[in-house]
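Work through the following exercises with the structure open beside you. Try each task before reading its solution.

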Amino acid sequence: MADKNMVTIYDDKKNGTVQIAEDVLASIVGLAATEIEGVASLGGNITNDKIGHIRRKAILRGVKVDVLEGVASVRIIINMNYGFSIPDVTRQVQERVKGALENMTGLEVSDVNVSVAEVVVDASK
């Protein structure tokens with residue numbers, strides 16, 4: 001029984017099927033991205049602290065994971081803190097997201113496309 005909101009990562013006649021909900025994939029991506037210094041939040045102002053407590057639709061505003069035949073393609077929108085190198089931070093986001101998804105799900109990640117939507121200036125400085 002396949003659910004359209006589930007991604008099959010393992011299907012074996014002997015042992016059975018393993019599926020992961022799309023929002024779990026989005027959460028993994030969001031958590032990995034927001035761990036990088038210089039990332040203020042995901043698109044929609046979702047910070048690392050909020051990811052575990054918000055609804056799926058909010059996470060999916062900043063993250064899209066497409067899976068076809070066991071290969072994932074990721075699109076993520078981030079807001080960056082002012083003063084950080086966009087190329088350096090986005091490269092780190094790509095590496096962290098790819099590693100987290102591959103390690104936690106066993107999926108191959110073909111690409112991680114990062115869009116920077118906003119630069120956040122910390123008014124307290």
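A salt bridge is a side-chain nitrogen of Lys or Arg within 4 Å of a carboxyl oxygen of Asp or Glu. The model is predicted, so local features need pLDDT of at least 70 and side-chain atom pairs count only at pLDDT 80 or more, while totals for chains, interfaces and linings use all residues. Residues are numbered from 1 along each chain as its sequence is written, and side-chain values use heavy atoms, with hydrogens and water left out.

**Exercise 1. Salt bridges**

Task: Find how the side chains of K64 and D66 meet, and state which residues are linked with them in a network.

Solution.
Step 1. Apply the cut-off to the pair: K64 and D66 form a salt bridge, with N to O at 3.4 Å.
Step 2. Look for further partners: K64, D66 and R75 are linked in a network of salt bridges.
Step 3. Check the exposure of the pair, using these classes: buried is under 20% relative accessible area, exposed is over 50%, and partly exposed is in between (1.4 Å probe, protein chains only). K64 is partly exposed because its relative accessible area is 39%. D66 has 31% and is therefore partly exposed.
Step 4. Put the pair in context: a search of the whole structure finds 5 salt bridges. As a general point, side chains of opposite charge can pair when their charged atoms come close.

**Exercise 2. Two salt bridges of helix 3**

Task: Describe where the partners lie in the pairs E35 and R96 and K98 and E102.

Solution.
Step 1. Fix the terms: helices (H or I, at least four residues) and strands (E, at least two) are DSSP runs, numbered from the N terminus. Helix 3 covers residues 86-105.
Step 2. Take E35 and R96: their side chains meet in a salt bridge at 2.9 Å, N to O. This pair links distant parts of the chain, with E35 in the loop between helix 1 (22-34) and strand 3 (39-42) and R96 in helix 3, 61 residues apart.
Step 3. Take K98 and E102: the closest N and O atoms of their salt bridge are 2.9 Å apart. Both K98 and E102 lie in helix 3, 4 residues apart, which is about one turn of the helix.
Step 4. Classify the four residues. E35 is partly exposed because it has 49% relative accessibility, and R96 is partly exposed with a relative accessible area of 35%. K98, at 34%, is partly exposed, and E102, at 27%, is partly exposed.

**Exercise 3. The surroundings of T105**

Task: Decide whether T105 is buried or exposed, and list what its side chain reaches.

Solution.
Step 1. Locate the residue: T105 is in helix 3.
Step 2. Read its accessibility: T105 counts as buried because the value is 7%.
Step 3. Search for polar contacts (a pair of N or O atoms within 3.5 Å; within protein, one must be able to donate a hydrogen and the other to accept it, and residues adjacent in sequence count only if both atoms are side-chain atoms). The T105 side chain reaches the backbone oxygen of L101 at 2.5 Å. A polar atom of the T105 side chain also lies 3.1 Å from the backbone nitrogen of L107.
Step 4. List contacts (heavy atoms within 4.5 Å). Leaving aside neighbours within four places in sequence, T105 is in contact with I9, I20, L25 and I28.
Step 5. Follow two of these names into helix 1: L25 and I28 are among the buried residues of that helix.

**Exercise 4. E37 and its partners**

Task: State which residues E37 touches beyond four places in sequence.

Solution.
Step 1. Place E37: it is found in the loop between helix 1 and strand 3.
Step 2. Classify E37: the relative accessible area is 60%, so E37 is exposed.
Step 3. Name the partners: E37 touches F84 and V89, not counting residues up to four places away in sequence.
Step 4. Compare sequence with space: E37 and F84 are 47 residues apart in sequence and 8.5 Å apart in space, C-alpha to C-alpha.

**Exercise 5. The whole chain**

Task: State how many helices and strands the protein chain has, and their order.

Solution.
Step 1. Count the elements: the protein chain has 3 helices and 6 strands.
Step 2. Read along the sequence: the pattern is β-β-α-β-α-β-β-α-β.
Step 3. Add the burial: of the 125 residues in the protein chain, 33% are buried.
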